[in-house]
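Please open the model in your viewer and keep the selection panel at hand. The stops below proceed from one selection to the next.

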Amino acid sequence: MIPELRRQFNEGFTPERYAALLRLAEERCGTRVEYRIAETPVFLPLPLLEQMASAGAELTRSLLGNPACIAAARKAIPAGFDVAGKTAHPNFLTADFALVRTPEGELTPRLVEIQAFPSVYGYQDVLSESYRDAFGLPDGLGSFLGGLDEAGYWALMARTVLGGHDPENVVLTELDPMNQKTLPDFKVTSKRLGIPVVDIRSLEAVGNKLHYRGASGGLVPIHRIYNRAIADELMARKVRLPFDLTHPWEVEWAGHPNWYFLISKFSIPWLSRPSLSDPRGSHPVVPPAVFLDEFLEGSGREQLEAAGVALPADVGPDTVYGELLLKPLFSFAGRGIQFDPTQAQLEAIPPARRSGYLLQQKMRFEHTIETPWGMTQAEIRILYLWPDGGSLTPALSLVRLGRGKMMGVDHNRDQEWVGASAAFFPEN
């Protein structure tokens with residue numbers, strides 16, 4: 001992306017420096033890192049990152065300003081997961097972008113996904129600084145967004161997660177956290193903010209309050225929960241929690257669970273409708289998308305064709321939609337995505353479940369990163385923080401490098417110069 005910085009990095013790369021990167025990341029996290037860490041960071045122009053950050057914020061505000069969209073999304077919350085006390089806005093937001101080439105030859109971002117759920121805010125800061133130190137990156141390269149530096153970033157994290165409460169009364173909850181790949185992030189967050197990491201299955205209810213067991217074994221009241229337990233994992237594993245999620249407990253949520261459903265892949269068909277963001281057309285970063293039930297039973301096909309998506313004229317069971325992706329609305333880490341779905345595969349989904357899927361125009365990631373293993377593509381995630389009573393702030397970026405159909409680190413195994421990465425930009 002920035003040829004001079006790319007050339008300097010590639011020429012100075014050594015396996016020993018990469019080994020130092022891995023060692024630094026694990027030492028600073030205090031645990032083994034199971035993710036594959038890419039051999040290289042990426043170097044991006046700040047205006048490109050700011051373009052993505054601005055687009056994600058604009059789309060979020062559009063969704064929050066559309067009562068019909070929020071009401072429809074709320075109806076899609078599964079039974080037992082509609083949690084009381086929904087906040088006015090999400091505390092955490094991520095927006096993933098691909099870099100694609102326009103017909104005019106320009107490189108531009110396209111929205112892959114938007115999700116109101118925490119990401120690896122702690123781990124990503126450690127990874128960025130580990131790249132900086134292991135490879136001796138040039139001075140004058142920034143990584144934080146929104147005018148933040150490291151101190152400001154962690155101050156905003158503390159404000160967002162703690163909400164003014166004593167760290168002893170704030171917990172990071174996850175399902176079996178010690179065995180999650182995201183454990184490095186939990187460890188960093190716990191150390192920096194002083195909060196305990198607790199298995200959500202171990203919370204105990206006393207009266208109308210939730211508690212956890214402290215180091216001495218006694219019950220400690222919980223005033224605020226930094227929730228990292230993913231709803232679809234709870235459902236997939238049929239976890240029975242010892243407390244009713246829907247009960248109006250006397251507790252605050254840092255990242256209220258309902259926002260996982262209210263701003264998600266469910267939002268993309270709404271964002272692609274002209275009436276939402278601009279009566280003249282959808283936001284230019286949003287790919288055309290419709291719900292599966294609209295495609296099979298309504299006007300969804302016509303909407304996609306009107307947006308310029310090429311669809312087969314003749315339709316039969318073996319018809320392949322090579323320009324479309326089939327995605328479940330509520331899934332994490334790319335689970336359940338189907339490339340090149342056939343008409344038979346679409347129709348095999350029971351009618352009652354079709355509203356839980358979307359069909360989205362396939363994006364062709366531009367290979368922009370020059371590596372010894374060939375040109376590589378990048379997916380760039382903007383991490384936002386939105387504290388109670390504060391402003392939506394782009395804070396940091398996260399990058400995934402890959403050369404396959406899917407960009408998640410689990411989909412690029414047994415390759416080199418791919419995986420989790422970080423973005424740097426010239427500050428001047």
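Begin with strands E12 to E15, which form an open sheet of 4 strands in the order E12-E15-E13-E14, paired antiparallel. Strands here are DSSP runs of E with at least two residues, helices are runs of H or I with at least four, and both are numbered from the N terminus; two strands pair if DSSP finds at least two bridges between them. The model is predicted: local features need pLDDT of at least 70 and side-chain atom pairs count only at pLDDT 80 or more, whereas totals for chains, interfaces and linings use all residues. Residues are numbered from 1 along each chain as its sequence is written, and side-chain values use heavy atoms, with hydrogens and water left out.

Now select the two edges of the sheet. Strand E12 (289-291) and strand E14 (338-339) each have a single partner strand, so one side of each is left without a neighbour in the sheet. Strand E13 (residues 324-328) is joined to E14 by 2 bridges in the antiparallel sense, and Leu325 stands opposite Phe339 in E14.

Next, select residues 204-206 and 209-213, strands E7 and E8, which run antiparallel and are joined by 3 bridges. Val206 has Lys209 in E8 as its bridge partner. The hairpin of E7 and E8 has 2 residues between the strands, and Gly207 takes a positive phi near 65° there. Extend the selection to strand E9 (residues 219-221), which pairs with E8 in the antiparallel sense over 3 bridges. Arg213 stands opposite Leu219 in E9. In this second hairpin, with 5 residues between E8 and E9, Gly217 takes a positive phi near 95°.

Move on to helix H7 (residues 183-193) and pick out Phe186. Is Phe186 buried or exposed? Phe186 is buried, with a relative accessible area of 0%; buried means under 20% relative accessible area, exposed over 50% and partly exposed in between, with a 1.4 Å probe and protein chains only. Contact means heavy atoms within 4.5 Å. Leaving aside residues up to four places away in sequence, Phe186 touches Leu172, Glu174, Pro177, Gln180, Val197 and Arg228.

Val188 also lies in helix H7 and counts as buried at 5% relative accessibility. Beyond four places away in sequence, Val188 touches Arg28, Cys29, Gly122, Tyr123, Val126 and Trp154. Measure out to Tyr131, 57 residues apart from Val188 along the chain: the C-alpha atoms are separated by 17 Å.

Tyr131 leads to the largest nonpolar core, of 120 residues, where Leu111, Tyr131, Tyr153, Met157, Leu203, Tyr226 and Ile382 touch the most other members. A nonpolar core is a set of buried Ala, Val, Leu, Ile, Met, Phe, Trp, Tyr and Cys residues joined through side-chain atoms within 4.5 Å. Helix H3 (residues 46-64) gives the most to this core, with 8 residues. Apart from this core lies another, of 13 residues, among them Leu292, Leu324, Leu326 and Tyr357.

Finish at the cavity. The structure holds 1 cavity of 30 Å³ or more, with a volume of about 100 Å³. A cavity is a set of points on a 1 Å grid over the protein atoms alone where a 1.4 Å probe fits but cannot get out, and lining residues have an atom within 4 Å of a point; points are joined across faces, edges and corners, and the volume is the space filled by probe spheres set on them. Residues to select in the lining include Phe81, Phe117, Ile200, Asn227 and Leu245. Helix H8 (231-236) and helix H9 (259-262) are the elements that give two or more residues to the lining.

Definitions and conventions:
On a 1 Å grid over the protein atoms alone, a cavity is a set of points where a 1.4 Å probe fits but cannot get out, and a pocket is an open set with protein on both sides within 12 Å along at least five of seven lines; lining residues have an atom within 4 Å of a point.
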